[in-house]
Every structure is written in structure tokens, then in C-alpha cells.
Amino acid sequence: MSKIQGFILYRIWYGDVLVYLGRTKQPLQSRIHGHLFKKPMHRSISINLVTKIEYAEFQTEADMNLYEIYFINLWKPPLNIDDKCKNELTAHLPDVEWKIFTTHLWDKWKNEITIMDNEYQMKKQEKMAKFEMDRIMRDKWRTGEITEGEYYKYLNSSDSQENVEIANIDELFC
């Protein structure tokens, strides 16, 4: 597919639900990449939920901007927050031609995001485990099961290491 760039509106679907409508003057592939990889100034989109991305090209930036606000208020996509009004439109614009967006990079992006998500989940689990261990050790100190010195030894050992090894934790209980 050739590089799609100009005055572009695009819409992102999760199943049969239009969830987001956006505009861009940068290459569409770059803009979609930004959404999927949660870049600044991009609405976060889940690659695993996307079933279709469509785009429409406009001759001028003014047309693109006008249609963006029009379509957001016509369809009210849930991930669009800005420019959405509560009342209904009374004006009507002619429809535009929507084309399917595809990229040969989709599977590569999906794999990269899966790896990033797995790393994030592992870090989150490690953080939760550390939080739980801190709570347990604090409770043991409060109930007198370990001394204040043992508690601070644990805190110092966990501060100096990213991951406290099980062997080091066992030492605290012996």
C-alpha cells in the first residue's frame, strides 16, 4: 500500500462499533501506530479489539476539520471526547468515500505490543508482590514476630535490589 498522507479522517472499529474518529495530516500509518503504542497526543486504542480501520481523504484542511466535527456529532464514537455535543445535528453534509486501511506491519505491531504488555504485566505483578511482602513484614514487626532491626534489614535489602531473592527473605525468618 502506498503512503497515505494528506488531509485524512480515519475511523476505528471494535467489532460493529465505531469507537473513534480522528484526523491527521501526517502519514496515516504513523498516526495509527501512535494510537496503538499509546504515544502522547494520541487516544489509546487496543490493537486486539480493532476489527477495521477506514479513512477518507479531503482536498483541504478546512474540509477535513469540518467533517471531523460533523461526524463526531453524527455518530458520537465513545472514545471521542472533544467536540462532542449533547444535542443532535440539524445540518447535513454529503457522505464521503471511506477506504479500508491496511498495513503490512500489523502483525509485527501486534507482536511488539504483546511483548510490551507481557513485560508490563510482569512488572505489575512484581510490584504487587513487593507491596504484599512489605505489608507482611510490617505486620510481623508490629506483632513482634520480627524485631525492628530485622524489619529495617528487610527494607534496606529490598531497597538495594529490584527483586528480593527468596533466599534473602528466608534468612529474615530464620
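**Helix α1, its cover and the second largest pocket**

What sits over the buried residues of α1 includes the strands β1 (7-14), β2 and β3 (50-58), along with the helix α3 (106-142). The buried set in α1, which spans residues 28-36, consists of Leu28, Arg31, Ile32, Gly34, His35 and Leu36. An α-helix has 3.6 residues a turn, so residues three or four places apart point the same way. Just past the end of α1, lysine 38 takes a positive phi of about 55°.

All of this comes from a predicted model. Mean pLDDT for the protein chain is 87, with 89% of its residues at 70 or more. Residues 162-167 are another matter: pLDDT stays under 50 there, and the model has three contacts beyond four places in sequence for this stretch.

Back to the strands that help cover α1. β1 and β2 pair in the antiparallel sense, over seven bridges, and leucine 9 stands opposite arginine 23 of β2. The two strands form a hairpin with two residues between them, and glycine 15 in the turn has a positive phi of about 65°. As for β2 itself, the strand is mostly covered, with six of its eight residues buried.

β2 also turns up in the lining of the second largest pocket, where its four residues are the most that any element gives. This pocket has a volume of about 280 Å³. The elements giving two or more residues to its lining are β2 (17-24) and α2 (61-75). In total, 16 residues line the pocket, and those nearest its centre are Tyr20, Arg31, Glu68, Asn80 and Asp82. Arg31 thus links two parts of the picture, being one of the buried residues of α1 and one of the residues nearest the pocket centre. By class, the lining is a mix of seven nonpolar, six charged and three polar residues.

Further along the chain, lysine 86 lies in the loop between α2 and β4 (99-100). Is lysine 86 buried or exposed? With a relative accessible area of 83%, lysine 86 counts as exposed, because the cut-off for that class is over 50%. The C-alpha atom of lysine 86 is separated by 8.3 Å from that of asparagine 73, a residue 13 places away along the chain.

Notes:
Residues are numbered from 1 along each chain as its sequence is written. This is a predicted model: local features need pLDDT of at least 70, side-chain atom pairs count only at pLDDT 80 or more; totals for chains, interfaces and linings use all residues. Side-chain values use heavy atoms; hydrogens and water are left out. On a 1 Å grid over the protein atoms alone, a cavity is a set of points where a 1.4 Å probe fits but cannot get out, and a pocket is an open set with protein on both sides within 12 Å along at least five of seven lines; lining residues have an atom within 4 Å of a point. Grid points are joined across faces, edges and corners, and a volume is the space filled by probe spheres set on the points. Ala, Val, Leu, Ile, Met, Phe, Trp, Tyr, Cys and Pro count as nonpolar, Asp, Glu, Lys and Arg as charged, and the others, Gly among them, as polar. Buried means under 20% relative accessible area, exposed over 50%, partly exposed in between (1.4 Å probe, protein chains only). Contact means heavy atoms within 4.5 Å. pLDDT is the predictor's confidence in each residue, from 0 to 100. Two strands pair if DSSP finds at least two bridges between them.
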